[in-house]
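Biologist: I would like to learn how to read the features of a protein model one at a time. Could you take me through some, giving the general idea before the particular case?

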Amino acid sequence: MIAKDLNMPNGVAFRNGDLYIAGNSKISKISKVESNLSTPGKRQVLYDKFPTDDSHGWKYICVRP
């Protein structure tokens, strides 16, 4: 398992070995996940100021240069 305890994770992006996850109220990142699939690192919250109610829940994500 790469990540658990996520609330409505629906947006994912991958860049330079890092996995970005957009959930109901947060955007998180797992660094160097590609090289650590058997023991992925701890999830780092990048932003957590989105509304928490489910009606605002779907977040999409794109990582660009």
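Modeller: Let us begin with Asp5, which is found in the segment before β1, the strand that covers residues 11-15. Please keep in mind throughout that this is a predicted model.

Biologist: What is the phi of Asp5?

Modeller: The general idea is that most residues other than glycine have a negative phi. In this structure Asp5 has a positive phi of about 60 degrees, although Asp5 is not a glycine. As for its surroundings, Asp5 counts as exposed, because its relative accessibility is 70% and exposed means over 50%.

Biologist: Where does Asn16 lie, and what is its phi near?

Modeller: Asn16 lies in the loop between β1 and β2, and its phi is near 50 degrees, which is a positive value in a residue other than glycine. Asn16 is exposed, with a relative accessible area of 68%.

Biologist: Let us turn to aromatic rings. How many aromatic pairs does the structure hold?

Modeller: In general, a pair of aromatic rings is described by the distance of the centres and the angle of the planes. The structure holds 1 aromatic pair, and it is formed by Tyr47 and Phe50, whose ring centres are 4.9 Å apart and whose planes make an angle of 65 degrees. The pair is called edge-to-face, because that word is used for planes over 60 degrees apart.

Biologist: Are Tyr47 and Phe50 buried or exposed?

Modeller: The answer lies in between, since Tyr47 is partly exposed with a relative accessible area of 40%, and Phe50 is also partly exposed, with a value of 26%.

Biologist: Which residue lies over the face of Phe50?

Modeller: That residue is Lys59, which lies over the face of Phe50 at 5.0 Å from the ring centre. If you want to place Lys59 along the chain, look in the segment after β4, the strand of residues 44-47.

Biologist: Which side chain of opposite charge is nearest to Lys59, and how far away is it?

Modeller: The nearest side chain of opposite charge is that of Asp53, at 7.8 Å. A salt bridge requires a side-chain nitrogen and a carboxyl oxygen within 4 Å, and Lys59, although it is buried, has no salt bridge. The side chain of Lys59 does, however, reach the backbone oxygen of Asn24 at 3.1 Å. If residues up to four places away in sequence are not counted, Lys59 touches Asn10, Gly11, Ala22, Gly23, Asn24 and Phe50.

Biologist: Ala22 appears in that list. Is Ala22 buried or exposed?

Modeller: Ala22, which is found in strand β2, counts as buried at 0% relative accessibility. Leaving aside neighbours within four places in sequence, Ala22 is in contact with several residues, among them Met8, Pro9, Ile27 and Ile61, as well as Lys59.

Biologist: How many salt bridges does a search of the whole structure find?

Modeller: The search finds 2 salt bridges. In one of them Lys29 pairs with Asp18, and the closest N and O atoms are 3.6 Å apart. Lys29 lies in strand β3 (residues 27-30) and Asp18 in strand β2 (residues 18-22), so the pair ties together parts that are 11 residues apart in sequence. Both Lys29 and Asp18 are buried, and for Lys29 the relative accessibility is 17%. Apart from neighbours within four places in sequence, the contacts of Lys29 include Leu19, Tyr20, Arg43 and Leu46, in addition to Asp18.

Biologist: Which side chains meet in a salt bridge at 3.4 Å, N to O?

Modeller: Those are the side chains of Lys49 and Asp48. Here Lys49 is exposed, with a relative accessible area of 62%, whereas Asp48 is partly exposed, with a value of 41%.

Biologist: Finally, how far apart are Thr52 and Asn24 in sequence and in space?

Modeller: Thr52 and Asn24 are 28 residues apart in sequence, while in space they are 6.4 Å apart, C-alpha to C-alpha. Thr52 lies in the segment after β4 and counts as exposed at 60% relative accessibility. Once neighbours within four places in sequence are left aside, Thr52 is in contact with Asn24 and Ser25.

Terms used:
Residues are numbered from 1 along each chain as its sequence is written. This is a predicted model: local features need pLDDT of at least 70, side-chain atom pairs count only at pLDDT 80 or more; totals for chains, interfaces and linings use all residues. Side-chain values use heavy atoms; hydrogens and water are left out. Rings of Phe, Tyr and Trp (its six-membered ring) pair if their centres lie within 6.5 Å; planes under 30 degrees apart count as stacked, over 60 as edge-to-face and the rest as tilted. Buried means under 20% relative accessible area, exposed over 50%, partly exposed in between (1.4 Å probe, protein chains only). A charge sits over a ring if NZ of Lys or CZ of Arg is within 6 Å of the ring centre and within 35 degrees of the ring normal. Helices (H or I, at least four residues) and strands (E, at least two) are DSSP runs, numbered from the N terminus. Lys and Arg count as positive and Asp and Glu as negative; His and the chain ends are not counted. A polar contact is a pair of N or O atoms within 3.5 Å; within protein, one must be able to donate a hydrogen and the other to accept it, and residues adjacent in sequence count only if both atoms are side-chain atoms. Contact means heavy atoms within 4.5 Å.
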